[in-house]
Amino acid sequence: MSASPEKKASRGEKRRQEEQKDRHAIALYSVIGIVVVVAAIVLLVWNSGLLQRNLTALNIDGTKYTAADMQYYYNSIYNSYANQYAFDPSVSVKKQKAGSEGSSWYDVLMDEARDRLIDNNALAAQAKAEGHSLSAEAQEQRDSFVSQLDTAWVGYGYASRDAFVKASFGPHMTYDRLIQLVDMEYLASDYAQTRLDAIDHPDADYEAYYKDHADELDTVVYSQLAFRAYVPTTDADGNTIEMTDAEKSAQLEALKTEQKALAEAVKAKLEGGADPEDVAEEYEDQIYTSSLSQRAVGSNISLYSSSASWLLDGARKEGDVTLTESEAGTAYYYYVVVYEDRLRDNEATHTLRSIPVQAGDGSGTPTQAQYDEAEEKARDLLDEWKAGDADEASFTALASANSVSNGGLFSNLTSNSSEDDALKDWALDSTRKPGDAELVKTDSGWSVVYYVSENDPIWRQSTLVGLQNQDYEQLTAAAREGRNATWGMGLNLVAP
């Protein structure tokens, strides 16, 4: 018996619904498949660096700079600030505020990277228009950089030169493009320096500038004892400490209370007339860092000290003490600061050249045998120099021949410089005279040193920097005039 028309219709409708459901499923899986394929393609393109090397991040009058180019400039600016401890490198700069205006450090670094690239582009173009060619010193520095670039990858254990370039200058940088950027930088820098050196400011300019910028140029002498509240994430063996965010937060608050109490106790002792050195010794095991009677130019204090406005206040007097707090990433700091003096610093600056000879491999404290070996090598270099013209030019050539960058030059050396104490003691010796050359034992080995000159005092050198910064701004403003720079989509590909 055949089915009734109603049942046949019902089965037909059911089949149509199932077929439609199947079509919907096929369509859905097709869409999912397309999304997966597209995502895979995007990931492949992203990892290949194709976007970063081709998508425009900055366009300057038709000259296009890619995300990879901007990454190179950004990394350079980042490293400069990181080396000066301007921010916590263990925390994303997008999460760290720069100053009180609310901008993140990422914004600040990107702005500086953009400005430097625009300046270099404009100055290099101006240099070419005026027929400027690299000075002998700049050409030597450029060639030395390229030479080291061609060989350094071996010593650092990279598989190839290209791998070293990517690791050092950005994951999407190529060797050829790096050389182009470096050549532009050297040309721009050498042209600008040549122009600036040609400007001879009279004494009146120095005095006027110093008067207007005393807070930036005065040297402040102060002692600082710092306490840190920080929750470690690994134990003494390097194993990760498992903690919830709530546990970390609770522990940090407890440590903050503890460290602030220590800082307040130290502050009270110093206000009572205790000597900072004695207090630093008493709390040696609890203090995070201490700096006694350090000297700093006002502009540097303003950049990096939470006590800057207090130290530079005209009402300060010897023996004043303050306690300031500062947060940096996952740590919290308490600084106890003692004001000692403020002055126009007349300490002379010094210039010398040095050829260091490392004792051992640098992995630990050298043995006496390693020191002896380094001394022998250093003495051979000194004897080689003495056997030749025995002047600054031949010393510079000897330094360069032994892979010492910039001819081993140390400019504006002072008692507060960060160089090895033995080098400073030798250079600042009152009996020192131009042309002196000796061997000096340092913490890491021996150095062949050559004394070049005693120079202008610190205040005048600092003022010259300020004057030349003004001159540079005028020079770059003139070079930039009429040039247009616009951001591109590639800007979003620059990694923090």
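Two strands pair if DSSP finds at least two bridges between them. Helices (H or I, at least four residues) and strands (E, at least two) are DSSP runs, numbered from the N terminus. The model is predicted: local features need pLDDT of at least 70, side-chain atom pairs count only at pLDDT 80 or more, and totals for chains, interfaces and linings use all residues. Residues are numbered from 1 along each chain as its sequence is written, and side-chain values use heavy atoms, with hydrogens and water left out.

**View 1. A hairpin joins strands E1 and E2.** Four bridges pair E1 with E2 in the antiparallel sense. Threonine 56 faces threonine 66 of E2 across this pairing. Two residues lie between the strands of the hairpin. One residue in the turn, aspartate 61, has a positive phi of about 50 degrees.

**View 2. Three strands make an open sheet.** The order is E2-E1-E11, and the pairing is antiparallel. Strand E2 (63-66) and strand E11 (485-487) are the edges, each pairing on one side only. From one strand to the next, the twist averages 20 degrees. Axes here are lines fitted to C-alpha atoms, for helices over the stretch in contact, and angles run from 0 to 180 degrees between N-to-C directions. Strand E1 (residues 56-60) runs antiparallel to E11, and three bridges join them. Asparagine 59 stands opposite threonine 486 of E11.

**View 3. Helices H3 and H4 pack on the sheet.** Contact means heavy atoms within 4.5 Å. Helix H3 (residues 67-83) touches E1, E2 and E11. The direction of H3 makes about 70 degrees with that of E2. Helix H4 (residues 105-129) also touches E1, E2 and E11. The direction of H4 makes about 40 degrees with that of E1.

**View 4. Helix H4 crosses helix H17.** The axes of H4 and H17 (residues 458-480) come within 9 Å and cross at roughly 70 degrees. The two helices are therefore roughly perpendicular; angles under 35 degrees count as roughly parallel, over 145 as roughly antiparallel, 65 to 115 as roughly perpendicular and the rest as oblique. H4 brings Asp115, Ile118, Asp119, Ala122, Leu123 and Gln126 to the contact. H17 brings Tyr472, Leu475, Thr476, Ala479 and Arg480. By class, the contact of H4 with H17 has six nonpolar, two polar and three charged residues. Ala, Val, Leu, Ile, Met, Phe, Trp, Tyr, Cys and Pro count as nonpolar, Asp, Glu, Lys and Arg as charged, and the others, Gly among them, as polar.

**View 5. Helix H14 packs with helix H15.** H14 (residues 368-386) and H15 (residues 392-401) pack at an angle of about 140 degrees. Their axes are 10 Å apart. H14 and H15 are therefore oblique to each other. Leu381, Glu384 and Trp385 of H14 meet Ser394, Phe395 and Leu398 of H15. Four nonpolar, one polar and one charged residues form the contact of H14 with H15.

**View 6. A salt bridge joins arginine 177 and aspartate 69.** A salt bridge is a side-chain nitrogen of Lys or Arg within 4 Å of a carboxyl oxygen of Asp or Glu. The N to O distance for this pair is 2.9 Å. Arginine 177 is in helix H7 (residues 175-197), and aspartate 69 is in helix H3. The pair links distant parts of the chain, 108 residues apart. The structure holds 28 salt bridges.

**View 7. Histidine 132 sits in a loop.** The loop runs between H4 and helix H5 (136-155). Leaving aside neighbours within four places in sequence, histidine 132 is in contact with Ala127, Leu187, Asp190, Tyr191 and Thr194. Histidine 132 and leucine 187 are 55 residues apart in sequence and 8.3 Å apart in space, C-alpha to C-alpha.
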